[in-house]
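Colleague: Got a minute to walk me through this one?
Modeller: Sure, pull it up and ask away.

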Amino acid sequence: MHPETVHTHPDPNVDPHSALHHHGAFRVGIGGPVGSGKTALVAALCRAFAGELRLGVVTNDIYTTEDADFLKRAGVLDPQRIRAVETGCCPHTAIRDDISANLAAIEELEEELGQLDLVLVESGGDNLTATFSRGLVDRQIFVVDVAGGDKVPRKGGPGVTAADLLVINKTDLAPMVGADLSVMERDARARRGDLPTIFLSIAQDRQAVKVADWIRALLAHEH
Amino acid sequence: MTSALLLLADGRFPAGGHAHSSGLEAAVAAGRVSSLSTLESFLLGRLYTTGLVTAAFAAASHHAAAHPATSTAAAHPAAQGAAAAHLATPSGAVEGGSVPRLGDMECAAGSEVLLQLDEELEARMASPATRVASRKQGAALLRAAKMVWPGDGYGLLPQRRDGVHHAVVLGVTAAAAGLSCAEAALIACYSQVTGQASAALRLLGFSPYDIQRLLAQLAGQCDAVAMAATAHAGKDPAELPMFSSPLADISAELHATWEVRLFAS
């Protein structure tokens, strides 16, 4: 963009609650506890959408660039398409209470790369209560893993109960940690009602096919 | 004293402040802040340097937004014309801080002063990393302010893709919120001290009661610095205070190169 181009917010007086009608890319938040596979899911979705969607990624690691560096090393996405946001020891604040740094990062991506189809916002690893503001994302995915214990869906919390999609990762580890997938499925249904839950093992399904299809369906509905 | 003052000063106001330690993280890593007494020294040192400077710029920016014609009279031909226009229509200015309806000439004068304040503040920040952090926080505050207190006053701010300095946006925001010049300066001082103290709490695991007691002890000095800063409102921007701390500038530059950091500044 020309350096003298004046940048103004497209709609400076917009109601913050109307973020679902923002003009840019469709935004999907990916949250969940530390080590559950959020970054692995982002990498899998980058592989799945390569050549199909104009993609951007914003990471919110507690250590500034750890997740962003992982994605760059994995070679799944052009480093230009990845932004890291500092969260000042409070990853949940950056995605829920004060979303300004994440909004700025998304706008920077859109300014530098032009129109995007999809932006994935990965939260820093947090706890079961961390959820995204509707002012930041259009939909959110909460990622837990089988190795974290099959009681997690029963414990609930806003992430498990209210996320638009619950992903239960590392199903391949279930026999090794004595986790009962049927218990997790039953508890997830009890907690989430009609909201969808997907079981997968990103270690085996390198493109997280079912999650990618869920996002494709949302995008088709948008357009 | 208004609720709007408390709202804008609240650490929960979504303007990106939580991700900034304003030099505290670098000072902790260097071992310069490790106890309550070294934290107190750090907070006071920064309060009387960058705190006073940013508060003076917040007060001056408030003045430029709320009384654009009088803040510039000596500095600019355009402003002198605006000042004359202002004198012809004294109803243009409102005491107590709310932004009056402005004529074209007054707007031009206010814009000119705010641009000059932004440049003067830039010149007072030796560290490029500090400049970037200040502009990022200014952009974040402006985003929130426009939604929380909508108004025309923000149009006086310079148009910059990388954001206007935080203290300048703070002054204009305080005016839009109906706050006074002194309250703009107070928020600048208070936010700096409490933001750094909050970062110390998170990084060093102090008791929250100890941190709050320390902040209570510093409250009088925070008020005094804010009051001193307020006296600079309406002055030629080039004459505003220019205190700095070289060690803070060097630390900020080093901090920006760290591979692993928890805070943006």
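Modeller: We can talk about a strand, a residue and a helix pair.

Modeller: This is a predicted model, where local features need pLDDT of at least 70, side-chain atom pairs count only at pLDDT 80 or more, and totals for chains, interfaces and linings use all residues. Residues are numbered from 1 along each chain as its sequence is written, chains are lettered from A and ligands numbered from 1 in the order in which they are written, and side-chain values use heavy atoms, leaving out hydrogens and water.

Colleague: How many residues of strand β1 of chain A are buried?
Modeller: Six of the six in β1(A), residues 26–31, are buried (under 20% relative accessible area, 1.4 Å probe, protein chains only). A:Phe26, A:Val28 and A:Ile30 are on one side, with A:Arg27, A:Gly29 and A:Gly31 on the other.

Colleague: Which residue stands opposite A:Arg27 in β4(A)?
Modeller: That's A:Val119. β1(A) and β4(A) (residues 118–122) run parallel, joined by five bridges.

Colleague: New topic: is A:Thr39 buried or exposed?
Modeller: A:Thr39 is buried, at 12% relative accessible area. A:Thr39 sits in helix α1 (residues 38–49) of chain A.

Colleague: And in chain B, at what angle do α3 and α8 pack?
Modeller: About 150°, with the axes of α3(B) (residues 36–66) and α8(B) (residues 181–204) 8 Å apart. So α3(B) and α8(B) are roughly antiparallel (angles over 145 degrees count as that).

Colleague: What kinds of residues make that contact?
Modeller: Between α3(B) and α8(B) there are 15 nonpolar, seven polar and one charged.

Conventions:
Axes fitted to C-alpha atoms, helices over the stretch in contact; angles between N-to-C directions. Helix = DSSP H or I, 4+ residues; strand = E, 2+ residues; numbered from the N terminus. Parallel < 35°, antiparallel > 145°, perpendicular 65-115°, else oblique. Nonpolar A, V, L, I, M, F, W, Y, C, P; charged D, E, K, R; others polar. Buried < 20%, exposed > 50% of the residue type's maximum accessible area, 1.4 Å probe, protein only. Pairing = 2+ DSSP bridges.
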